[in-house]
Amino acid sequence: MNLSYYPLDLKLKHTFQIARETRDIQKNVVVLLKDTDGVVGVGEAAPTRFFGEDVESVTRVLDQSIDLLRQANPFHLEDTALLFKNRFPGDAAARAALDIALYDMVGKKLKIPLYQLLGLKQHTAKVTSFTIGIDTLEKMCKKVDEAKDFPILKIKAGFKEDIETLRELRKITKAVFRVDVNTGWSLDEAIKKLDIMEGLGVELVEQPFPVGSIDALRKVRRHAKIPVFVDEDIKDAKDIPAFSGAVDGINIKLMKCGGIREAIRMIHTARAHGLKIMIGCNIESSVSITAAAHLTPLVDYIDLDGHLLIANDPYMGVTVDKGRLTLPAGEGLGVSLRSGENLSSSQEWCRQTVCP
Ligand code: MG
């Protein structure tokens, strides 16, 4: 297989702010794998500095992967995932891009969609939340109004006036609220705020505390009626057992865990520990969002809106109507270029329109 890759700068529709950072552009990398029979698999890395990755680290891994992949058999998905995990343990987003591209390629070779390759059937009733980033109250109200078609909103919290903001947002929408604190609270703060949130139609709270605060999670869970999930705390399957009994559920992301194969291992591990499962995302194009969407038959909660937050998604894949996801009909991921060009023309497209 030949590997090529291109930087993809995704422009956010609104400046994206969470408890610990703000950004206008998400710098991702698209990966293309081409086998000797001409079949092309596409993948994407959406690296985050929080987990120690960026475009430079991703491209470094990809450069070192070219020779490893040249003789590889695309059907040896387990061997390849293990090889890359051992070689690049801290580069989950880079590994996810390769893993997604391999699954896309295998699906295309077998002429079946990815969900079918995974032994799943397409569900039609799966609804994603839509994210409302931190902003002034006026702008958050405007974002909620713009998102009025979505029955579930994920409200970013973890700032001083977050409860007052939730109260104001509650006045203008009946949508279900999921609140993502992105590590922004202390234990005392959480106990106080969760009490108030019970009356505000909050379905669950995600990652209230800094990474590693298992004792605080146990305490808050004993006190609060609202289910507590962790996201930043759990990267892959090995991180899950320590949180058994401390939380209600986990948020799985392809970019944290290294791809589809590890995400499935996480799903089974979490189930064995009685945990609920959310599948989430970073700011990503339709390539990797669609890859994650193929796993939705296996999860309880969906937060796959990264491609809806950007203004220049060059790809088409999973579609979202009033929050409801529909997988594309094609083989593999079922992703295509919005321009109508062949997938392997991405490089040309990228050079002309987005990349510096
Ligand atoms: Mg989160």
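Which domains does the domain assignment of the protein chain give? In this predicted model, the assignment yields domain 1, built from residues 2–112 + 339–351, and domain 2, covering 117–336. Between the C-alpha centres of domain 1 and domain 2 the distance is 22 Å. Each side brings a set of residues to the contact: 47 residues come from domain 1 and 47 residues from domain 2.

The meeting of the two domains can also be described by area. The size of an interface is often given as the accessible area lost when the parts come together. Here, about 3900 Å² is buried between domain 1 and domain 2, with 63% of it on carbon and sulfur atoms. Three residues deserve a look on screen: Phe51, Ile100 and Tyr103 supply 15% of the area that domain 1 buries against domain 2, more than any other three residues.

Polar and charged groups take part in this interface as well. Across the interface of domain 1 and domain 2 there are 20 residue pairs in polar contact, with both partners at pLDDT 80 or more. The side of domain 1 that touches domain 2 draws at least two residues from each of strand S1 (2–18), strand S2 (21–34), strand S3 (40–45), helix H2 (77–87), helix H3 (92–110) and helix H12 (346–353). Of these elements, H3 gives the largest share, with 12 residues. By residue class, this side of domain 1 divides into 24 nonpolar, 9 polar and 14 charged residues.

Salt bridges come next. Side chains of opposite charge can pair when their charged atoms come close. The model holds 28 salt bridges by the rule applied, and 3 salt bridges are found across the interface of domain 1 and domain 2. One salt bridge in the model joins the side chains of Asp236 and Lys85, at 3.3 Å from N to O. Another joins the side chains of Glu78 and Arg261, at 2.6 Å from N to O. Glu78 sits in helix H2 and Arg261 in helix H10 (residues 260–272), so this pair ties together parts that are 183 residues apart in sequence.

The model also contains a magnesium ion. Its protein donors are Asp180 (OD), Glu206 (OE) and Asp231 (OD), which lie 2.1 to 2.3 Å from the ion. Along the chain, the donors of the magnesium ion follow the spacing D-x25-E-x24-D. Asp180 belongs to strand S6 (residues 176–180), whereas Asp231 lies in the loop between strand S8 (228–230) and strand S9 (249–252), so the pair ties together parts that are 51 residues apart in sequence.

Note on methods:
Residues numbered from 1 in each chain as written. Predicted model: local features only at pLDDT ≥ 70, side-chain atom pairs only at ≥ 80, totals over all residues. Heavy atoms only, no water. Domains from an automatic or database assignment. Contact = heavy atoms within 4.5 Å. Buried area = accessible area lost by both parts, 1.4 Å probe. Salt bridge = Lys/Arg side-chain N within 4 Å of Asp/Glu carboxyl O. Polar contact = N/O pair within 3.5 Å; in protein donor to acceptor, adjacent residues only side chain to side chain. Helix = DSSP H or I, 4+ residues; strand = E, 2+ residues; numbered from the N terminus. Nonpolar A, V, L, I, M, F, W, Y, C, P; charged D, E, K, R; others polar. Donors = N, O, S within 2.8 Å, 3.2 Å for Na, K, Ca; no water.
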